[in-house]
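This briefing goes through one protein model, topic by topic. Please keep the sequence and the structure in view while reading.

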Amino acid sequence: MKKILPILFAALLGAYMIFGIIFLTGKNGDKRVCQGVELSVRDSVSNEMVTLATVMDMLKDNGMDPVGKPMDKLLLDSMENVLVKHPFIDRAQCFGTSGDYLKVNVTTKVPLVRVRNDRGQDFYVDSHGGILPCRSTAIHVPVATGHIDYAFAGGPLLEVVNAINASRFWKAQIEQINVTDKGFFELVPRVGYHILEIGTAQDVPVKLDRLMNFYEKGLDNVGWNKYSRISVAYQNQVVCRKRK
């Protein structure tokens, strides 16, 4: 009896292992096939820019439709290389799940400002200074107008936008940025009928602090609509033009 028990245990263990292999590979030894695609979008201000339909279309257009294909034959690296060619995708990761699905994790680029320049061009600038095309779905970011080319958008304009976004107050207050033909910045606030002139992109955080101080000690006393223009373009100065 003692000799039978180890033999019986070994037989049951072998049967369990065979069953597990059959379960994982499918009935009759068939290979596991992809049942579908699951998408996760990260760091996106608007998930509508990259959807599951977007991912599927890109894979199909490149002959990489995974559905119905053996899981061990999916070209995961090639899929990732295809997906990062999308203008709004920064990084892509593809891997198989235990449920026989292709999981796609996507990190999108983050548009910070929309540019509508005096050349008739319309595009977004992302957090790295990259140029992104405009889509039918609007993204709620400040609009920059005026004399702005691609190089200026990814340089001085991005510096100004980053300085504005670093302050909760200014991020909520500024809705439009205009650039003159001299490269000077004019900010259009949400509250108050005045234009804020900050000059060039040099020392923007300092200029915004000076404006904040004037807001708190000046405009609160005389009213937010007394002036048509408020300039901090020059060092240690706040120059105001009264409304006519």
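The points below cover the sheet, the nonpolar cores, one histidine and the cysteines.

The model is predicted. Its open sheet has 9 strands, and its largest nonpolar core has 32 residues. A search of the whole structure finds 0 disulfides.

**Sheet**

- The strands of the open sheet follow the order 6-5-4-7-8-9-10-11-12, and their pairing is mixed.
- Strand 6 (131-133) and strand 12 (239-242) form the edges, each pairing on one side only.
- On average, neighbouring strands of this sheet are turned by 25° against each other, direction ignored.
- Strand 5 and strand 6 run antiparallel and are joined by 3 bridges.
- Val-125 stands opposite Ile-131, a residue of strand 6.
- Helix 4 packs on the sheet, where it touches strand 4, strand 5, strand 6, strand 7 (143-146), strand 8, strand 9 and strand 10.
- The direction of helix 4 makes about 130° with that of strand 4.

**Nonpolar cores**

- In soluble globular proteins, nonpolar side chains tend to be buried together.
- Within the largest nonpolar core, of 32 residues, the members that touch the most others are Leu-157, Ile-177, Phe-185 and Leu-187.
- Two helices, helix 4 (150-165) and helix 6 (204-222), each supply at least two residues of this core.
- Strand 4 (111-117), strand 5 (122-126), strand 8 (174-179), strand 9 (185-189), strand 10 (195-199) and strand 11 (227-231) also supply at least two residues each.
- Helix 4 gives the largest share of this core, 8 residues.
- Another core, of 25 residues, lies apart from it; Val-50, Met-58, Leu-74 and Ile-139 are among its members.

**His-194**

- His-194 lies in the loop between strand 9 and strand 10.
- His-194 counts as buried because its relative accessibility is 3%, under the 20% cut-off.
- The side chain of His-194 makes a polar contact of 3.0 Å with the side chain of Tyr-215.

**Cysteines**

- A disulfide is a covalent bond between the sulfur atoms of two cysteines.
- The search of the whole structure gives 0 disulfides.
- Cys-134 has a relative accessible area of 23% and is therefore partly exposed.
- Cys-240 is also partly exposed, with a relative accessible area of 28%.
- Both values fall between the 20% and 50% cut-offs that bound the partly exposed class.

Methods:
Residues are numbered from 1 along each chain as its sequence is written. This is a predicted model: local features need pLDDT of at least 70, side-chain atom pairs count only at pLDDT 80 or more; totals for chains, interfaces and linings use all residues. Side-chain values use heavy atoms; hydrogens and water are left out. A nonpolar core is a set of buried Ala, Val, Leu, Ile, Met, Phe, Trp, Tyr and Cys residues joined through side-chain atoms within 4.5 Å. Buried means under 20% relative accessible area, exposed over 50%, partly exposed in between (1.4 Å probe, protein chains only). Helices (H or I, at least four residues) and strands (E, at least two) are DSSP runs, numbered from the N terminus. Two strands pair if DSSP finds at least two bridges between them. Axes are lines fitted to C-alpha atoms, for helices over the stretch in contact, and angles run from 0 to 180 degrees between N-to-C directions. Contact means heavy atoms within 4.5 Å. A polar contact is a pair of N or O atoms within 3.5 Å; within protein, one must be able to donate a hydrogen and the other to accept it, and residues adjacent in sequence count only if both atoms are side-chain atoms. A disulfide is a pair of cysteine sulfur atoms within 2.5 Å.
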